[in-house]
Amino acid sequence: MTELATYQQSRLPGTLEDLSRFVLVGREKLTSVRAAIRAIDKVQLAQEVRDQKMEEARMLSEALLDAEVRLGEMTKQIPRATKGNQYTGKMVTDSGVDNQPPKSQVVQHLGFTSKQVERFETLAANKDLVEQVKQEARENDDIPTRTQVLNLAAFRKKQQEQERQQIDADARRHKAFATMISGVLNFIVNDQELEELADALIRSCNGALIKSDLADLDRAIGLLTNIRNYLAEKGANH
């Protein structure tokens, strides 16, 4: 266990296989250290003993988080099997290479489930959150956990999705507004068209609905004026 106890990020194993063993062994070790801390709390041993075990657990947990980030970076590069080659019958990965072991097979050989690898890749995609959790644990004399990072990543993903949905909704509304304004501007482009429109409206209803039409125009003009003034005010505030 010396390798884990004296870990530094720059000394992480270099190969996918060694890194996987590092994580698998390290997780077992972390479980035992956590159990030791619970036992210390139960029998109320000296605070110094507890502090030593807490520091060991914190350093080991940081090492494992960094190793799992590295694992996630590596597994992202493993191509997935997509289909069989119709001529050779061999599996073809999404990289186009024949007979290369698919990602699911590589992951299983390493000793992980697809769900575990998905979590590693989430850690790799959120390195800043990994560092945030590690720093907060140091400040609070606590042990950083993968669950904390994954919860923060899930919250971030939800926020990003909400932002994307809002951007899409805003774009649709902006397009509808621009279409409306464009329709008004293109409806009458000169005095002759204006005269023809007025004559057509009068003929179509024998003048009976002109007052209603004028009232609708007044409301539309009032609404457009309000929109214009509000936009001008908001623009000035920005």
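These legends go with close-up views of a predicted model, looking at its salt bridges, one polar contact and two surface patches. Because the model is predicted, local features need pLDDT of at least 70 and side-chain atom pairs count only at pLDDT 80 or more, while totals for chains, interfaces and linings use all residues. Residues are numbered from 1 along each chain as its sequence is written, and side-chain values use heavy atoms, with hydrogens and water left out.

**View 1. Glu-56 and Lys-29 join up in a salt bridge.**
Here the side chains of Glu-56 and Lys-29 meet at 3.6 Å, N to O (a salt bridge is a side-chain nitrogen of Lys or Arg within 4 Å of a carboxyl oxygen of Asp or Glu). The pair links distant parts of the chain, with Glu-56 in helix H3 (residues 47-75) and Lys-29 in helix H2 (residues 16-43), 27 residues apart. Helices are DSSP runs of H or I, at least four residues, numbered from the N terminus. Glu-56 counts as partly exposed because its relative accessibility is 26%, and Lys-29 is partly exposed too, with a relative accessible area of 23%. For the cut-offs, buried means under 20% relative accessible area, exposed over 50%, and partly exposed in between (1.4 Å probe, protein chains only). In total, the structure holds 17 salt bridges.

**View 2. Glu-55, Arg-58, Glu-62 and Arg-138 hook up in a salt-bridge network.**
Start with Glu-62 and Arg-58, whose closest N and O atoms are 2.8 Å apart. Both sit in helix H3, four residues apart, or about one turn of the helix. Glu-62 is buried, since its relative accessible area is 11%, and Arg-58 also counts as buried, at 14% relative accessibility. Now look across to Arg-138, whose side chain meets that of Glu-62 in a salt bridge (2.9 Å, N to O). Arg-138 lies in helix H6 and Glu-62 in helix H3, so this pair ties together parts that are 76 residues apart in sequence. Arg-138 itself counts as partly exposed, at 35% relative accessibility.

**View 3. Lys-134 makes a polar contact with Asp-66.**
Lys-134 is another residue of helix H6, and it counts as buried because its relative accessibility is just 3%. Its side chain makes a polar contact with the side chain of Asp-66 at 2.9 Å. Such a contact is a pair of N or O atoms within 3.5 Å; within protein, one must be able to donate a hydrogen and the other to accept it, and residues adjacent in sequence count only if both atoms are side-chain atoms.

**View 4. Four acidic residues gather in a patch of negative charge on the surface.**
The members are Glu-48, Asp-51, Asp-141 and Asp-142. Patches are made of residues with over 30% relative accessible area and no salt bridge, with like charges joined within 9 Å and nonpolar side chains (Val, Leu, Ile, Met, Phe, Trp, Tyr) within 5 Å. Asp-142 lies in the loop between helix H6 (127-139) and helix H7 (146-187), and counts as partly exposed because its relative accessibility is 37%.

**View 5. H7 and H9 share a nonpolar surface patch.**
Phe-177, Met-180, Val-184, Leu-224 and Leu-231 make this patch of about 420 Å². H7 and helix H9 (210-237) each supply at least two of its residues, and H7 gives the most, with three. Leu-231 belongs to helix H9 and counts as exposed, because its relative accessibility is 52%.

Key
Areas by Shrake-Rupley, 256 points an atom, 1.4 Å probe, with all protein chains shown as cover. Charge placed at Lys NZ, Arg CZ, Asp CG, Glu CD.
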